[in-house]
Amino acid sequence: MSSPTLKSILLIDDDEISNLFNKIFISKLDLEVEVDVVFNGAEAIEFLKSMVADGENLILKPCLLLLDIRMPVMDGWEFLEAYDNLLDEETKNQIVIVMLTTSEDEGDTIRAMKNPYIKEIIKKPLSENKFDKLIKKFFIQEKTH
């Protein structure tokens, strides 16, 4: 499977400070990328549903989901269950989901590794270095000038 070009990122995290720092890391990488933020899994599902309803090309947007585990309303696990039934397999195969967590629970790590949609698990806080490695691992980079 060839690496897609990173066009958009959806941050799914109830922690506004984490979202702010993640947006800063993304901007420092000088990528031509759109960043959207939602604060729980339910908002993420609605965001994705609205794109399907609008007929937008989900292969391009969003292509990276940074998903927190512990959130109010709908947590990361509940999001993954709803996500499974939301999109067709071809579209899901084009989206990279990275789980971000502060959890020290080994059960969470094992559960995440068993989920077919989670490509990577990263301990919070996400740093510029971790984010850069993530982008290089899963995406072709198109630098802006």
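## A surface patch on α1

A nonpolar patch is made of residues with over 30% relative accessible area and no salt bridge, its side chains (Val, Leu, Ile, Met, Phe, Trp, Tyr) being joined within 5 Å. In this predicted model, Ile17, Leu20, Phe21 and Ile24 form such a patch on the surface. Together these residues have about 370 Å² of accessible area.

One of the patch residues, Phe21, is placed in helix α1. Phe21 counts as partly exposed because its relative accessibility is 44%, and partly exposed means between the limits of 20% and 50%.

## The chain as a whole

The protein chain contains six helices and five strands. Read from the N terminus, the order of its elements is β-α-β-α-β-α-α-β-α-β-α.

The chain has 145 residues, and 45% of them count as buried. The exposed area of the protein chain is about 7,700 Å², with 52% of it supplied by carbon and sulfur atoms. Among contacts between residues at least 6 apart in sequence, 70% join residues at least 24 apart.

## Asp13 and its contacts

Asp13 sits in the loop between β1 (8-12) and α1 (16-28). Its relative accessibility is 2%, so Asp13 counts as buried.

Leaving aside residues up to four places away in sequence, Asp13 touches Ser18, Asn19, Val38, Phe39, Asp68, Met71 and Lys124. One of these contacts, Lys124, is also part of a cis peptide bond, described next.

## Two backbone features in loops

Most peptide bonds are trans, and most residues other than glycine have a negative phi. The peptide bond from Lys124 to Pro125 is cis, with omega near 0°. Pro125 is found in the loop between β5 (118-123) and α6 (128-138).

Val73 has a positive phi, near 70°, and is a residue other than glycine. Val73 belongs to the loop between β3 (64-68) and α3 (76-86). With a relative accessible area of 70%, Val73 is exposed, because exposed means over 50%.

## Aromatic rings

The count of aromatic pairs comes to two. In one of them, Tyr83 and Tyr117 are arranged edge-to-face, with 5.3 Å from centre to centre and 80° between the planes. This pair links distant parts of the chain, 34 residues apart: Tyr83 is in helix α3, while Tyr117 is in the loop between α5 (106-114) and β5.

Both Tyr83 and Tyr117 are buried. Ring pairs link Phe79, Tyr83 and Tyr117 into a cluster.

## The two sides of α6

Helix α6 has the buried residues Phe131, Asp132, Leu134, Ile135 and Phe138. They are on the same side of α6, because they cover an arc of only 160° around the axis. On the other side of the helix, Lys133, Lys136 and Lys137 are exposed.

What do the buried residues of α6 pack against? Their partners are the strands β1, β3, β4 (96-101) and β5, along with helix α1. Two of these elements, β1 and α1, border the loop that holds Asp13. The strand β5 comes before the loop that holds Pro125, and that loop leads to α6.

Conventions: Residues are numbered from 1 along each chain as its sequence is written. Side-chain values use heavy atoms; hydrogens and water are left out. Helices (H or I, at least four residues) and strands (E, at least two) are DSSP runs, numbered from the N terminus. Buried means under 20% relative accessible area, exposed over 50%, partly exposed in between (1.4 Å probe, protein chains only). Contact means heavy atoms within 4.5 Å. Accessible areas come from the Shrake-Rupley method with a 1.4 Å probe; for residues, only the protein chains shown count as cover. Rings of Phe, Tyr and Trp (its six-membered ring) pair if their centres lie within 6.5 Å; planes under 30 degrees apart count as stacked, over 60 as edge-to-face and the rest as tilted. The arc is that of the directions from the helix axis to the C-beta atoms. Patches are made of residues with over 30% relative accessible area and no salt bridge: like charges are joined within 9 Å, nonpolar side chains (Val, Leu, Ile, Met, Phe, Trp, Tyr) within 5 Å. A salt bridge is a side-chain nitrogen of Lys or Arg within 4 Å of a carboxyl oxygen of Asp or Glu.
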